[in-house]
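Me: I have just opened this one and could use some company while I look through it. Could you take me around a couple of spots?

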Amino acid sequence: MSAPSIPNLLSLRGRGRGGGRGARGRGGRPGSASAAHDATIQGTDTDAAVSRLSAVELGYLDDPYAEYFVHSADGPPARRLPIINRGTYTRTAALDILIDAFLSEDDGGIQSTTAPRQIVSLGAGTDTRPFRVFSRPDCRGLIYHEVDFDVVCRGKLRTVQSSPALSRILTNGATAPTVEGTSWSSVPANGGEYHCHGLDLRRLAGKPIDTEAEAEAGAGEEAGSGPPEIPGLRTDIPTLVVSECCLCYLSPSEAQGVLSFFTSRIQRLAAVIYEPIRPADAFGRVMVSNLAARRIRMPTLEAYPEPADQEARLRGAGFDTVRQMTVGDLWRNWVRPEERERVDGLEGLDEVEEWELLAAHYIVVWGSRGDAFGSWEGLGGGG
């Protein structure tokens, strides 16, 4: 395939509208090059939101909340290429399997509806997953945290408050969300807890605050005084940390610092990371070039270029059981034959070679430690 025909791989992510994934961990002074880079990275959220809505409208995914985070003044959102729709579907299906397995795991014989469990989504943006999860009746013991820049968290709150379908899930109209500083929280209608934290991930890695806005947001915490605490974070229950194309925008030391924040505090811990890989082959070089043309750089793509590197990354972070599969592996092994047939029939796929290349350059790697993740060990993958 010719280089110009390689699509923008960022569109594989399924997220919300503009500004969404600010907590990828950068934060420069207003008008600085770092701030411009932030804006560029945050803008990829719009692409991802459109990709998700495209997959929903074409029947790949069932997500009634995707439409609330896509707004276009220029008519209906664009329809994505079939290989992008399939990639969005496969990634979403894989994470659904991992998260559902985590939520359904018994804890010492206690049923999942009451056993407390915790999810922390890094750089969550306007992700619709908490709405999908909390709309279920079996998550009364779930504590769900989303971490992103303050401006993103405030935007998500406005969207929830202006959308009855969303506010019914998180509050059911009974109680208004509680806003404290840069964060807000609510009690979902079906039970559990939801927290949205306005926080630059670099602070979790122990990096100093370098913007006036962040200094104000961290009132009471001096730069260099160590990472802040996350309000409402439990350290005594099974916890899953999720990074969907988030940690990849940090330096490797910052990304590992974020993981260390959780591994140093929580014993029964699991992590899921979804990122691009293989930047050095022909397809990968064009992928990197496409990103560079948009002034986007992913440092972990250079630090962990191969599946084995991604595995070693989690093992080095302290996870005992580590697995990984590319998007192509997940499509072949985790999507049931009848479901693959259904998806194939939605549009048809002429670009089979392009799909195989694209799917080989994204990976889901997951790891766990402690005694709360037995069902994960049977989910396959390398390692």
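**Two helices and a glutamate**

Reply: We can start with a pair of helices, where the axes of helix α2 (residues 82-104) and helix α14 (residues 352-359) come within 10 Å and cross at roughly 40°. Please keep in mind that this is a predicted model.

Me: Which word fits how α2 and α14 lie to each other, then?
Reply: They count as oblique, because the crossing angle of roughly 40° falls outside the ranges for roughly parallel (under 35 degrees), roughly perpendicular (65 to 115) and roughly antiparallel (over 145). The crossing of α2 and α14 is also right-handed.

Me: Which residues make the contact?
Reply: From α2 the contact is made by Ile83, Ile84, Arg86, Gly87 and Thr90, while α14 brings Glu354, Trp355 and Leu358. Sorted by character, the residues of this contact between α2 and α14 are four nonpolar, two polar and two charged.

Me: Switching topic, where is glutamate 275 found?
Reply: Glutamate 275 lies in strand β7, which covers residues 269-276.

Me: And is glutamate 275 buried or exposed?
Reply: Glutamate 275 is buried, because its relative accessible area is 0%, and buried means under 20%.

Me: What does the side chain of glutamate 275 make a polar contact with?
Reply: One partner is the side chain of arginine 313, at 3.1 Å, and a polar contact of 3.3 Å joins the side chain of glutamate 275 to that of glutamine 310.

Me: What else is glutamate 275 in contact with, leaving aside neighbours within four places in sequence?
Reply: Besides Gln310 and Arg313, glutamate 275 is in contact with Cys245, Leu247, Cys248, Thr300, His361, Tyr362 and Ile363.

Conventions. Residues are numbered from 1 along each chain as its sequence is written. This is a predicted model: local features need pLDDT of at least 70, side-chain atom pairs count only at pLDDT 80 or more; totals for chains, interfaces and linings use all residues. Side-chain values use heavy atoms; hydrogens and water are left out. Helices (H or I, at least four residues) and strands (E, at least two) are DSSP runs, numbered from the N terminus. Buried means under 20% relative accessible area, exposed over 50%, partly exposed in between (1.4 Å probe, protein chains only). A polar contact is a pair of N or O atoms within 3.5 Å; within protein, one must be able to donate a hydrogen and the other to accept it, and residues adjacent in sequence count only if both atoms are side-chain atoms. Contact means heavy atoms within 4.5 Å. Axes are lines fitted to C-alpha atoms, for helices over the stretch in contact, and angles run from 0 to 180 degrees between N-to-C directions. A crossing is left-handed if the near helix is turned anticlockwise from the far one by less than a right angle, and right-handed if clockwise. Ala, Val, Leu, Ile, Met, Phe, Trp, Tyr, Cys and Pro count as nonpolar, Asp, Glu, Lys and Arg as charged, and the others, Gly among them, as polar.
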